[in-house]
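Reader: Please take me slowly through one part of this model and show me how that part relates to the rest. I am new to this, so please explain each term when you first use it.

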Amino acid sequence: MQISLHFKGIVESRLAEATPLIQFIMGPRQVGKTTAMQQVTDALPKSTLFHFASADAVFNSDWSWVERQWLTA
């Protein structure tokens with residue numbers, strides 16, 4: 001899928017930066033966001049620590065969910 005390949009490359013390059021930041025992947029349903037992220041994390045060295053969370057079921061409009069993910073990461 002062309003769209004997922006595009007943002008998969010972007011995320012890979014951002015994670016390779018000297019000080020990688022948290023990456024939020026947003027977009028329409030069924031375009032390959034989760035698949036691309038699974039491919040990215042599968043390609044990381046086994047010793048790499050990461051935290052992946054899906055916001056599909058988040059219905060709150062406040063930032064508490066984001067804060068909990070930040071603290072977990």
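Author: Helices (H or I, at least four residues) and strands (E, at least two residues) are DSSP runs, and they are numbered from the N terminus. This is a predicted model, in which local features need a pLDDT of at least 70 and side-chain atom pairs count only at pLDDT 80 or more, while totals for chains, interfaces and linings use all residues. Residues are numbered from 1 along each chain as its sequence is written, and side-chain values use heavy atoms, with hydrogens and water left out.

With that in place, the protein chain has 3 helices and 0 strands, and its pattern along the sequence reads α-α-α. Its C-alpha atoms fill a box of roughly 30 × 30 × 20 Å along the principal axes.

The part to look at closely is helix H1 (2-15). One residue found in helix H1 is Val11, which is buried because its relative accessibility is 3%; buried means under 20% relative accessible area, exposed means over 50%, and partly exposed lies in between, with a 1.4 Å probe and protein chains only. Once its neighbours within four places in sequence are left aside, Val11 is in contact with Ile25, Met37 and Val40, where contact means heavy atoms within 4.5 Å. Between Val11 and Met37 there are 8.3 Å from C-alpha to C-alpha, although the two are 26 residues apart in sequence. In the protein chain as a whole, 48% of the contacts between residues at least 6 apart in sequence join residues at least 24 apart, and buried residues make up 18% of its 73 residues.

Helix H1 also holds both Glu12 and Lys8, which sit 4 residues apart, about one turn of the helix. Side chains of opposite charge can pair when their charged atoms come close. Here Glu12 forms a salt bridge with Lys8, the closest N and O atoms being 3.3 Å apart; the term means a side-chain nitrogen of Lys or Arg within 4 Å of a carboxyl oxygen of Asp or Glu. Glu12 is partly exposed, because its relative accessibility is 33%, whereas Lys8 counts as buried at 17%. A search of the whole structure finds 1 salt bridge.

Lys8 can also be set against a residue far along the chain: Val58 is 50 residues from Lys8 in sequence and 23 Å from it in space, C-alpha to C-alpha. Val58 is found in the loop between H2 and helix H3 (64-72), and its relative accessibility of 29% is why it counts as partly exposed.

Between H1 and helix H2 (33-43) runs a loop that contains Phe24, a residue that is exposed because its relative accessible area is 53%. Gln30 has its place in the loop between H1 and H2 too, and Gln30 is exposed, with a relative accessible area of 72%. The phi angle of Gln30 is near 65°, a positive value in a residue other than glycine.

Phe24 joins Ile22, Met26, Trp70 and Leu71 in a nonpolar patch on the surface, and together these residues have about 670 Å² of accessible area. Patches are made of residues with over 30% relative accessible area and no salt bridge, with like charges joined within 9 Å and nonpolar side chains (Val, Leu, Ile, Met, Phe, Trp, Tyr) within 5 Å.

Definitions and conventions:
Areas by Shrake-Rupley, 256 points an atom, 1.4 Å probe, with all protein chains shown as cover.
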